[in-house]
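Me: I have a structure open and would like to know what stands behind the words people use for it. Could you take my questions one at a time?

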Protein chains: 4
Amino acid sequence: MLIVMQAHATEEQVRAVCDKVSSLGLKAHPIPGAQRTAIGITGNQGAVEIGVFDDMAGVGEVIRVSKPYKLVSRDIKEDNTIIRFPALDASIGGQELAIMAGPCAIESREQAFTVAERVRRAGAKFFRGGAYKPRTSPYSFQGLGEEGLRIMAEVRDKFGMVIVTEAIDHESLDLVEQYADVIQIGARNMQNFSLLKKAGRAQKPVLLKRGMSATLEEFLMAAEYVMAEGNYNIILCERGVRTFADHTRNTLDLSLVPAVQRLSHLPIVVDPSHGTGKRNKVLPLSRASIAVGADGLMVEVHNDPDRALSDGPQSIFPDQFDQLMNEVRQIAGVVHRSVAAQQAVAAVR
Amino acid sequence: MLIVMQAHATEEQVRAVCDKVSSLGLKAHPIPGAQRTAIGITGNQGAVEIGVFDDMAGVGEVIRVSKPYKLVSRDIKEDNTIIRFPALDASIGGQELAIMAGPCAIESREQAFTVAERVRRAGAKFFRGGAYKPRTSPYSFQGLGEEGLRIMAEVRDKFGMVIVTEAIDHESLDLVEQYADVIQIGARNMQNFSLLKKAGRAQKPVLLKRGMSATLEEFLMAAEYVMAEGNYNIILCERGVRTFADHTRNTLDLSLVPAVQRLSHLPIVVDPSHGTGKRNKVLPLSRASIAVGADGLMVEVHNDPDRALSDGPQSIFPDQFDQLMNEVRQIAGVVHRSVAAQQAVAAVR
Amino acid sequence: MLIVMQAHATEEQVRAVCDKVSSLGLKAHPIPGAQRTAIGITGNQGAVEIGVFDDMAGVGEVIRVSKPYKLVSRDIKEDNTIIRFPALDASIGGQELAIMAGPCAIESREQAFTVAERVRRAGAKFFRGGAYKPRTSPYSFQGLGEEGLRIMAEVRDKFGMVIVTEAIDHESLDLVEQYADVIQIGARNMQNFSLLKKAGRAQKPVLLKRGMSATLEEFLMAAEYVMAEGNYNIILCERGVRTFADHTRNTLDLSLVPAVQRLSHLPIVVDPSHGTGKRNKVLPLSRASIAVGADGLMVEVHNDPDRALSDGPQSIFPDQFDQLMNEVRQIAGVVHRSVAAQQAVAAVR
Amino acid sequence: MLIVMQAHATEEQVRAVCDKVSSLGLKAHPIPGAQRTAIGITGNQGAVEIGVFDDMAGVGEVIRVSKPYKLVSRDIKEDNTIIRFPALDASIGGQELAIMAGPCAIESREQAFTVAERVRRAGAKFFRGGAYKPRTSPYSFQGLGEEGLRIMAEVRDKFGMVIVTEAIDHESLDLVEQYADVIQIGARNMQNFSLLKKAGRAQKPVLLKRGMSATLEEFLMAAEYVMAEGNYNIILCERGVRTFADHTRNTLDLSLVPAVQRLSHLPIVVDPSHGTGKRNKVLPLSRASIAVGADGLMVEVHNDPDRALSDGPQSIFPDQFDQLMNEVRQIAGVVHRSVAAQQAVAAVR
């Protein structure tokens, strides 16, 4: 159920409705919009009558929502969600594209700084890097852990970048929340509901990657798990799905971008590195991702991909990233978006 | 096996090599390139020694090709294949993008003319329309047959457009070859090898659609079937593959475009109409297709989609096609391509 | 629309209804059942009133059928279709399982006879072998053509077996109909609607293989294409579908067997050779196919698989086929089916 | 690397080799077999020479293992792993099939007891039931939690059944280990590597379900994660994969059973309830699962499926389970397996 307040409803009126919801054993999620506040209601509403709210002061409309997802839906919030990082002059979902770049795994302070300097200079405001790596084999490099997080915090301090990194369980999520700016939940954990709930109680935005064989509805329901716990700052990320096709590691499903934008107010970015698994496909698919309307990109860049401890074959060189930014900048204009300017990094700090 | 002739090899030298190939019970496919001629050899070459050709006059190099496809490969022809329709001032694979638009099925002269006028005016030089429709149900509209072909021939005469239409068996292929300019082989027939061989003996270019679950290699091998019979003018078309994803009718696999371009000299266009099955996805995916580097688009346009006899939900309105062309034109510039200008159709008549 | 005649309706009454259907511009398909005759009606029935037939003599019930397939549906024919080959004492769909065995491709008279003798002796009554082979590469062995058909006709004469072989186009279908007993339509041609219609006009039963990525509905609609032309003797064949899984060549979807049996009266057999692509999986999946309730098996057997011209790695040895028959015979009993006894082939000659 | 000890190697010799491995900074996994002990070595072995171990007393052979999985491989342990529950006279992987049955979710003590009595009486020795349910929607019933575990512990006491139930995070895994006999890791958590490692440190066997789009190699690698931590008692479970096919909820991939058995010594069971998602498919696919060679079944049974809080449409009725056991018992004989006899439950306690 969804209660749409009148445009001029007061805070007290919103609070009164929320209290009423609680008194019925349900949970209220007030979500302020540009024009008016909507209140999503979650919990078993089988026996609740619409009439209970209809006549309360400030209530505009009471709607039974038929879709299984509620809080992520455009029905509850018509305008796009924009996630802002004012201290770092960055945002996701707004007019400026969010470009996230960095190595698959943080391997050393030197490696991280080398890559960060190059991608920041090219215009990326977000630095991605893994400290906790979910690897298919238990015998592969599993990441530097907290040491990797510390290095990324230094990257933020030195280059003024927003840090995005993955959490793989409750323990690492606490640490990621402490050190980083955006908590990434990986594709393999998209339906790790315990971790989603934990992320929903965190105070930092969550970047949620689509599972390898997740439908659109399952993807939105996973975001709903996070939101239902109270964290409304979610970025979705298309990163390819598993199909029979073998010319790429995954099949990048760009049609998901307009599909998400129709149904949900959440921003969505694309990861062409995992989405193709091949260096020579990253640039063309980056162009296509922006052209299709994505809110940003997540790209793996490595200064020495052949010696990368993880995902070398899909990481591009810094020079290729320069070219990528150049091409993306031109396409951004066509879809009425912009890309941050190149920046002399010395100027950052 | 592949014989690369020297840059200055004479026609007689090429002919002498071909004669030698024939004398060994094999088939020679001389393919002229910008710099030099290559001669593909097909047939069972188990017992043939490279040395047989090595010392012939004009021979530069003899290479054993390990890939299963030969004639479609960039190994045999480094420069892109460009298919030209000089009488109609159109081409596929060159600098100008090939934009193919029209209704799913030809329903009447009036419908065809109405749509053709609009798409021609917007800049499309290729008119697509079905006279023979492969339908899932035997009880659905199966197309107007030869009457549909006649209407399309009139469209060519009146609007100066290149006609692309599907053949579904030997009989219809003969008729399509007679009336149209490009013979389309549909996704369901991608491995109808008998039809591919027949198309390989036709005198008109062939547009080959990727099968619903075809790998890249199978797709190239299907093109090889056509080329092995002597027809070297082939256009590949990505039109979405079948996956578990249910938010679109098919999953459009744009990564196929750079993958094909790496391995083959053949042009490749994208069909976002079948690739998504939804009207509201056609524009964003058209932009993405051009951004990824495709040589053109194949788009379903209908003046009255709600009453279309086939594929209405994925056909766009003429006004949407105007917008599509406008957006595509801008993106084309970023990837160093161009789109034909809008055109007062009166000038055509 | 479906007209179910009364149990005691006379032939004249059935004919009168069919005439009425024709007079309305529709096509009538009278299908006799054990208890009563049903008449399927195909063609555009938008404007036809049920009342037109309701009061005709002998009519029991008039039903509007909502499923897209009609003639293949159990709604129109409740009891299982059994296809009989009385001269050869064989049937498909009855109590005795139909075991089809033989080489992928007919390579020579000697090879065909060697394999036929072994599989016939083990209890197989159907001989399968390819004369026209749809191969991914144009440079692979494409079959012996009519010579292969002649060899198979000899196998029938000598060993008393029912011959099943594939047709790949109109021309080969005519020849297959002439020489063989069952016309196979391969997976790649499941939606070659022109070929399906041609098969629908043939006088011999059709074995239709499921396409690589065909849904259940598409599979039944393909059979409907054949039936709509008047050929009601169709055997469906599950042969694996294409998925991401790479431990087998295809993923054998045994759940299709009970799914088909729920919706359709047609018999369904399973091909574990193509369904797995691996010799060591053929026996376990053959057992599973019978256990799940299939009406029979289609198995590739070769006397010298390592030198087979096609599909060697999935062909089993004659000794393995003996073991397969032994195991299948035991499982058949559990599902109330039987397998023909082993047979001294000398008696056949 | 893998060290195969001689048949008569003493315990001290095994211990000496393990000490040597540790001294090199690697981890030794001694795995006793019927004939001889093998010692798997994990950790970065780049610089370790085979010669280091070659001449130690008791060492038979030192092998470099090329497959990415080691401990789960038949290379390291030739004979099948059998997991025994002697107190409850049950086992998995031995001659007797392991039949696991029970409701999807534990809803109440009464429900659990009602179902347990019926399935125990029919011959099932394993009781399955969910206390922690991974649900697609945050608003669906999520299980009774510890209360559900307590009820299942009572089922063990009263009916003498082995309890199998799912853990979804570290916290619930501790509780499941405490109350139950087998720790289930669900399909959605197959690559939740943090949870796999935690399960690898538990003292109870782990039943690991195949992920929705997991390849065979990824599945075995997930088991390797558990084993690498020291827990060698793992049961694999095929439960269907996600494909385009829509006649079942998932596509049950029975070919995985012989494929696993070829590569690994671990037992594998099949879950036809999730594997099909449809009640009317559970019996035929159960028969097929046993026929293909699985070591057991996991089946959802509910006394009142229409009111089940989870997965009602795929749960079978107790009477259907009786029939299932009857059919499975007959097929078991064909594949040289057995099923526990029906049992008057009063006799249990």
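Me: What share of the contacts in chain A with a separation of 6 or more comes from residues 24 or more positions apart?
Reply: In this predicted model, such residues account for 67% of those contacts in chain A. A pair enters the count if the C-beta atoms lie within 7 Å.

Me: What makes chain A as compact as a globular protein of its length?
Reply: Set the value against the rule: the radius of gyration of chain A is 21 Å, and the globule rule gives 20 Å for 349 residues. The two are close, so chain A is as compact as a globular protein of that length. The C-alpha trace of chain A spans about 65 × 45 × 40 Å along its principal axes, and the chain holds 11 helices and 14 strands.

Me: How many of the residues of chain A count as buried, and by what test?
Reply: The share is 58% of the 349 residues. To be counted, a residue needs 20 or more other C-beta atoms within 10 Å of its own.

Me: Why are β2 and β4 of chain A said to stand at the edges?
Reply: The open sheet in chain A has 4 strands in the order β2-β3-β1-β4, with antiparallel pairing. β2 (27–32) and β4 (59–63) each have a single partner strand, so one side of each is left without a neighbour in the sheet. From one strand to the next, the twist averages 20 degrees.

Me: How do you know that β1 and β4 of chain A pair?
Reply: Pairing asks for at least two bridges, and 4 bridges join β1 (residues 2–5) to β4 in chain A. These strands run antiparallel. As an example, A:Met5 has A:Val59 in β4(A) as its bridge partner.

Me: And what makes β2 and β3 of chain B a pair?
Reply: With at least two bridges as the requirement, the 6 bridges between β2(B) and β3 (residues 37–42) of chain B satisfy it. Here too the strands run antiparallel, and B:Lys27 stands opposite B:Thr42 in β3(B). The open sheet they belong to has the order β2-β3-β1-β4 in chain B.

Me: Why is the relation of chain B to chain A called a two-fold axis?
Reply: A turn of 180 degrees with a shift of 0.0 Å along the axis lays chain B on chain A with an RMSD of 0.1 Å. That is the relation of a two-fold axis. In chain B, the C-alpha of B:Ala288 is the nearest to the axis, 2.0 Å from it.

Me: How do you know that the copies meet through the same surface?
Reply: Of the interface residues of chain B, 100% are also interface residues in chain A, so the copies meet through the same surface. The contact takes 34 residues from each of chain B and chain A. On the side of chain B that touches chain A, α10(B) gives the largest share, 8 residues. By class, that side has 17 nonpolar, 11 polar and 6 charged residues.

Me: Which elements give two or more residues to the side of chain B that touches chain C?
Reply: They are α6 (193–200) and α7 (216–228) of chain B. This contact joins 24 residues of chain B with 24 residues of chain C, and α7(B) brings the largest share on the side of chain B, 5 residues. That side divides into 10 nonpolar, 9 polar and 5 charged residues.

Note on methods: Residues numbered from 1 in each chain as written. Chains lettered and ligands numbered in written order. Predicted model: local features only at pLDDT ≥ 70, side-chain atom pairs only at ≥ 80, totals over all residues. Contact = placed C-beta atoms within 7 Å. Nonpolar A, V, L, I, M, F, W, Y, C, P; charged D, E, K, R; others polar. Least-squares fit on C-alpha atoms with pLDDT ≥ 70 in both. Rg over C-alpha atoms; globule rule 2.2 N^0.38 Å. Buried ≥ 20, exposed ≤ 12 C-beta atoms within 10 Å, placed from the backbone. Axes fitted to C-alpha atoms, helices over the stretch in contact; angles between N-to-C directions.
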